[in-house]
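This briefing covers selected points of one protein chain. The structure is shown first, and the points follow by topic.

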Amino acid sequence: MILKPDASRTLRIACLQRLPTARPPSVAPPAPVVFLKRLPLLLSILSCLLLMLAGCGQGGGQGGGQQLLALRGATMGTTYSVQIVKPPAALDRNALAEQIKTALADINGLMSTYQPSSELSRFNASSATDWFLVSPELVAVVKAAQAVSEASAGAFDITVGPLVNLWGFGPTVSADVLPNAGEIQAARARVGWQQLDVQLQPPALRKARPDLYVDLSAIAKGYAVDQLATLVEAFGVDNYLVEIGGELRGRGLNGRGEPWQIAIERPETSKRAMFRVVALHDMGMATSGDYRNFFEIDGEHYSHTIDPATGEPVDHRLASVTVLAAETMQADAWATALLVLGPERGFALAEQLGLAAFFIEHAQDAPDGEPFMTQATAAFHTLSVAALD
Ligand code: ADP
Ligand code: MG
């Protein structure tokens, strides 16, 4: 989530060649937002995505015969990594590293709700209901978000911010109690994607009500992954895997000369089994789930994904939704939209729109002891070429 403290998003990275498991450096997140009994999810218990980077080398540097260049750091309350196989000889590693940092800082400077000075925060703080000039980049992301809202009948809604904040998942620290019905109703009155207008020329946003609040957390990481991919390509790189907080984009070949392979792992640890291996051919991939960012009170589980129709955290059997798309931004937004819609309506819509989506559900009653059920859309079957031998 954009600039959201989220220590649980560290992903394990392993290589199919049985190389020792490597983890991205654990980057200390900003002070956690404390709300009720927020559970830092233990990676060992709840990890769902295991990135299997087939054939990745162990080196992090260039030269000396090393074939993998890995650049990592912190952004958006989580971590990023850029892995490059066989970097061009002339590649200026330091220049690339600097430009990646600058690009991420620029995106946060436009789209973060955690930076009071960001363009989006200034728009949120303004009570003007006439056009508010913003950058073309912000307009592009908001426009993409609005299209997903329309196609998902409002399940995806970037104006859901007041509810996100009310439930304690936004930048504002909430009281240590569940919101009451009156508060939920008041926040819901401020939510509605149709109350936000977008204009390309000149690039601008407009609120239909002065207290509208826009939260791009469910789409901005995907956008940033796409931007880093474009940047890396501009450096003449053909083979790369870019990742921010679990949203990915891969192109070209890994260190074994195969497409990048990403495993969707079972969300449990007793066995390190996986449901599916996805070969990322010039594609983006994003996952939204109920297990990474939530709190529990009295045994109830409250997800950070809000159903705008109820004003409450989603509450159904879906453990996660993974989406593949040409743009990671689309995958990111749709993973959230489908998670909101749930296993039936979400799956039906994904099939209808030809989206490549993989759903993992908690089984209702598991007579055979299998706690999960999975469903993949036809497009997912086509796009994810399982490549594990
Ligand atoms: P993650 O940040 O874990 O990758 P998502 O991409 O699913 O997860 O984004 C979840 C975040 O999006 C929430 O923390 C909240 O800020 C925002 N959000 C919650 N519900 C919705 C929704 N229905 N539509 C759009 N954004 C949402
Ligand atoms: Mg998302």
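Beyond its neighbours within four places in sequence, Ala331 is in contact with Gly222, Gly284, Met285, Ala286, Val323, Leu324 and Ala325. The model is a predicted one. Ala331 belongs to helix 8, which covers residues 328–353.

**Surroundings of Ala331**

- Ala331 counts as buried because 30 C-beta neighbours lie inside 10 Å, where 20 or more are needed.
- Tyr223 is 108 residues away from Ala331 in sequence, yet the C-alpha to C-alpha separation of the two is 9.6 Å.
- The contacts of Ala331 include Gly222, and helix 7 spans residues 220–234.

**Helix 2 against helix 7**

- Helix 2 (residues 93–111) packs on helix 7 (residues 220–234) at about 150°, and the axes are 10 Å apart.
- Helix 2 is therefore roughly antiparallel to helix 7, as angles over 145 degrees are classed that way.
- The crossing of helix 2 with helix 7 is right-handed.
- On the helix 2 side, the residues that meet helix 7 are Gln99, Ile100, Ala103, Leu104, Ile107 and Met111.
- On the helix 7 side, the residues are Ala220, Ala224, Gln227, Leu228 and Leu231.
- By class, this contact between helix 2 and helix 7 comprises 9 nonpolar and 2 polar residues, with no charged ones.

**Strand 7 and its partners**

- Strand 7 runs over residues 204–207 and has two faces: Leu205 and Lys207 lie on the covered one, Ala204 and Arg206 on the uncovered one.
- Strand 6 (residues 196–199) is antiparallel to strand 7, and 4 bridges join them.
- Strand 6 leads into strand 7 as a hairpin, through 4 residues.
- Strand 5 (residues 132–133) also pairs with strand 7 in the antiparallel sense, over 2 bridges.
- Leu205 of strand 7 is the bridge partner of Val198 and also of Phe132.
- Leu205 is on the covered face of strand 7.

**The chain as a whole**

- The protein chain has 389 residues, of which 49% are buried.
- The chain contains 9 helices and 19 strands.
- Of the contacts between residues at least 6 apart in sequence, 69% join residues at least 24 apart.
- Ala331 and Tyr223, 108 residues apart in sequence, lie 9.6 Å from each other, C-alpha to C-alpha.

Terms used: Residues numbered from 1 in each chain as written. Chains lettered and ligands numbered in written order. Predicted model: local features only at pLDDT ≥ 70, side-chain atom pairs only at ≥ 80, totals over all residues. Buried ≥ 20, exposed ≤ 12 C-beta atoms within 10 Å, placed from the backbone. Contact = placed C-beta atoms within 7 Å. Axes fitted to C-alpha atoms, helices over the stretch in contact; angles between N-to-C directions. Parallel < 35°, antiparallel > 145°, perpendicular 65-115°, else oblique. Left-handed = near helix turned anticlockwise from the far one by under 90°. Nonpolar A, V, L, I, M, F, W, Y, C, P; charged D, E, K, R; others polar. Pairing = 2+ DSSP bridges.
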